[in-house]
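Thanks for sending this one over. Below are my notes, set out point by point so that you can follow along in your viewer.

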Amino acid sequence: MAKYLLLKHYRGAPDPVNNVPMTQWTPEEISAHMRYMSDFADRLVATGEFVDGQALAPEGTFVRYDGEGRPPVTDGPFAETKDLIAGWMVIDVDSYERAVELAGELSAAPGAGGKPIHEWLEVRPFLTVPPNVTQ
């Protein structure tokens with residue numbers, strides 16, 4: 001089994017087919033989208049492939065260390081909006097091909113008008129470290 005991170009971005013990939021921002025969706029469309037996401041996660045729980053997932057708010061603060069005894073820096077430079085993550089799901093699957101298959105299904109979540117978004121998702125494998133071999 002290998003873990004993959006499925007990243008949903010606010011922007012940053014080619015436009016999805018159904019490119020209407022969620023801020024313009026009706027409450028029913030938002031509910032249908034969230035239900036799809038929840039049902040998708042529940043199905044992966046049943047197959048043992050779901051690890052975790054969360055939706056994220058668009059607000060955030062960039063923070064960096066500014067030296068011993070100094071407060072963290074909490075302003076600029078900021079990433080472009082396209083780089084901000086809307087949400088993520090961690091899956092544990094048998095292969096890269098399965099991770100891509102699941103990302104494709106997740107891309108079909110409904111959006112405006114109840115039509116699939118066909119959004120782009122980023123599939124990132126977890127970095128694995130080779131075992132420490134002692135002789």
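**Notes on the fold**

1. Let's start inside. The largest nonpolar core holds 15 residues, and Leu6, Met89 and Ile91 have the most contacts within it. At least two residues of this core come from each of S1, helix H1 (27–47), strand S3 (85–93) and H2. Please keep in mind as you read on that this is a predicted model.

2. A look at Leu6 gives a feel for that core. Leaving aside residues up to four places away in sequence, Leu6 touches Gly87, Trp88, Met89 and Ile91. The list of its contacts also includes Ala99, Ala103 and Leu106, as well as Leu121, Glu122 and Val123.

3. Now for the overall layout. The chain has two helices and four strands, and from the N terminus on its elements follow the order β-α-β-β-α-β. Of its 135 residues, 27% count as buried. The chain exposes about 9300 Å², with carbon and sulfur atoms supplying 56% of that area.

4. How do contacts spread along the sequence? Taking contacts between residues at least 6 apart in sequence, 78% join residues at least 24 apart.

5. The four strands make an open sheet in the order S2-S3-S1-S4, and the pairing is antiparallel. S2 and strand S4 (121–125) are at the edges with a single partner strand each, so one side of each has no neighbour in the sheet. On average, neighbouring strands of this sheet are turned by 15° against each other, direction ignored. As a reminder, strands of a sheet pair through backbone hydrogen bonds, in either a parallel or an antiparallel way.

6. S3 deserves a closer look. Is it enclosed or open to the outside? Seven of its nine residues are buried, so S3 is largely enclosed by the rest of the structure. S1 pairs with S3 in the antiparallel sense over eight bridges, and Lys8 stands opposite Gly87 in S3. Strand S2 (residues 50–55) also pairs with S3 in the antiparallel sense, over five bridges. If you want to check the register there, Asp52 has Val90 as its bridge partner in S3, while Gly53 stands opposite Met89. Met89 is also one of the residues with the most contacts inside the core.

7. Helix H1 lies across S1, S2 and S3, and runs at about 20° to S3. Within H1 you will find Ser31, which is partly exposed at a relative accessible area of 39%. Ser31 and Gly111 are 80 residues apart in sequence, yet their C-alpha atoms are 9.7 Å apart in space.

8. Next, the aromatic rings. A pair of aromatic rings is described by the distance of the centres and the angle of the planes. The count here comes to one aromatic pair. The ring centres of Tyr4 and Tyr96 are 6.2 Å apart and the planes stand at 55°, so this pair is tilted. Tyr4 belongs to strand S1 (residues 2–9) and Tyr96 to helix H2 (residues 96–106), so the pair ties together parts that are 92 residues apart in sequence. The two residues are covered to unlike extents: Tyr4 is buried, with a relative accessible area of 8%, whereas Tyr96 is partly exposed at 47%.

9. What does Ala2 touch? Not counting residues up to four places away in sequence, its contacts are Ile91, Asp92 and Val93. Ala2 is found in strand S1 and counts as partly exposed, with 27% relative accessibility. The C-alpha atoms of Ala2 and Glu49 are separated by 9.7 Å, although these residues are 47 apart along the chain.

10. One backbone detail to finish. Most residues other than glycine have a negative phi. His118, however, has a positive phi, near 60°. His118 sits in the loop between H2 and S4, and is partly exposed, with a relative accessible area of 41%. I would be glad to hear your own thoughts on these points.

Notes:
Residues numbered from 1 in each chain as written. Predicted model: local features only at pLDDT ≥ 70, side-chain atom pairs only at ≥ 80, totals over all residues. Heavy atoms only, no water. Phe/Tyr/Trp six-rings, centres within 6.5 Å; stacked < 30°, edge-to-face > 60°. Buried < 20%, exposed > 50% of the residue type's maximum accessible area, 1.4 Å probe, protein only. Contact = heavy atoms within 4.5 Å. Areas by Shrake-Rupley, 256 points an atom, 1.4 Å probe, with all protein chains shown as cover. Core = buried A, V, L, I, M, F, W, Y, C linked by side-chain atoms within 4.5 Å. Pairing = 2+ DSSP bridges. Axes fitted to C-alpha atoms, helices over the stretch in contact; angles between N-to-C directions.
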